Amino acid sequence: MRFFESWGGFIWEHNSVWDYFKALLGRLIGAVIGIGILFLIFWFFYWYGQSH
């Protein structure tokens with residue numbers, strides 16, 4: 001059974017429910033890693049500004 005999802009103007013095709021959940025999990029993990037990297041960058045600039 002195939003599932004279709006429209007996300008960000010694109011149509012994604014998933015072959016199973018598990019495939020759909022893997023795509024959602026990948027987006028969630030990517031968002032968490034992206035926010036973490038931005039946090040580390042801002043923390044570094046804050047720390048660097050305090051030390052100089």
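Begin by selecting His-14, which is found in strand β2. The model on the screen is a predicted one. With a relative accessible area of 4%, His-14 counts as buried, because the cut-off for that word is under 20%.

Next, display the surroundings of His-14. Neighbours within four places in sequence are left aside here; beyond them, His-14 is in contact with Met-1, Arg-2, Phe-3, Glu-5, Asp-19, Tyr-20 and Ala-23. Which of these residues has a side chain joined to that of His-14 by a polar contact of 3.1 Å? The residue to select is Glu-5.

**Glu-5 and the helix**

Keep Glu-5 selected. Glu-5 is buried as well, with a relative accessible area of 14%. Now add Arg-27 to the view. Glu-5 and Arg-27 form a salt bridge, in which the closest N and O atoms are 3.2 Å apart. Glu-5 belongs to strand β1, whereas Arg-27 belongs to helix α1, which covers residues 17-51; the pair therefore ties together parts that are 22 residues apart in sequence. Is Arg-27 buried or partly exposed? Its relative accessibility is 23%, and Arg-27 therefore counts as partly exposed.

**The two strands**

Colour strand β1, residues 3-7, and strand β2, residues 10-14. These strands pair in the antiparallel sense, over five bridges. To follow one of the bridges, select Phe-4: its bridge partner in β2 is Glu-13. Then move to the turn of the hairpin that β1 and β2 make, where two residues stand between the strands. In this hairpin, Gly-8 takes a positive phi near 65 degrees.

**Glu-13 and the start of the chain**

Return to Glu-13 and show its side chain. How many salt bridges does a search of the whole structure find? The search finds two. Glu-13 takes part in one of them, with Arg-2 as its partner, and the closest N and O atoms of this pair are 2.3 Å apart. Glu-13 lies in strand β2 and Arg-2 in the segment before β1, so this salt bridge ties together parts that are 11 residues apart in sequence.

Finally, show the surface around this pair. Glu-13 has a relative accessibility of 40% and counts as partly exposed. Arg-2 has a relative accessibility of 54% and counts as exposed, because the cut-off for that word is over 50%. Arg-2 also leads back to the beginning of the tour, as one of the residues in contact with His-14.

Technical notes. Residues numbered from 1 in each chain as written. Predicted model: local features only at pLDDT ≥ 70, side-chain atom pairs only at ≥ 80, totals over all residues. Heavy atoms only, no water. Salt bridge = Lys/Arg side-chain N within 4 Å of Asp/Glu carboxyl O. Helix = DSSP H or I, 4+ residues; strand = E, 2+ residues; numbered from the N terminus. Buried < 20%, exposed > 50% of the residue type's maximum accessible area, 1.4 Å probe, protein only. Polar contact = N/O pair within 3.5 Å; in protein donor to acceptor, adjacent residues only side chain to side chain. Contact = heavy atoms within 4.5 Å. Pairing = 2+ DSSP bridges.
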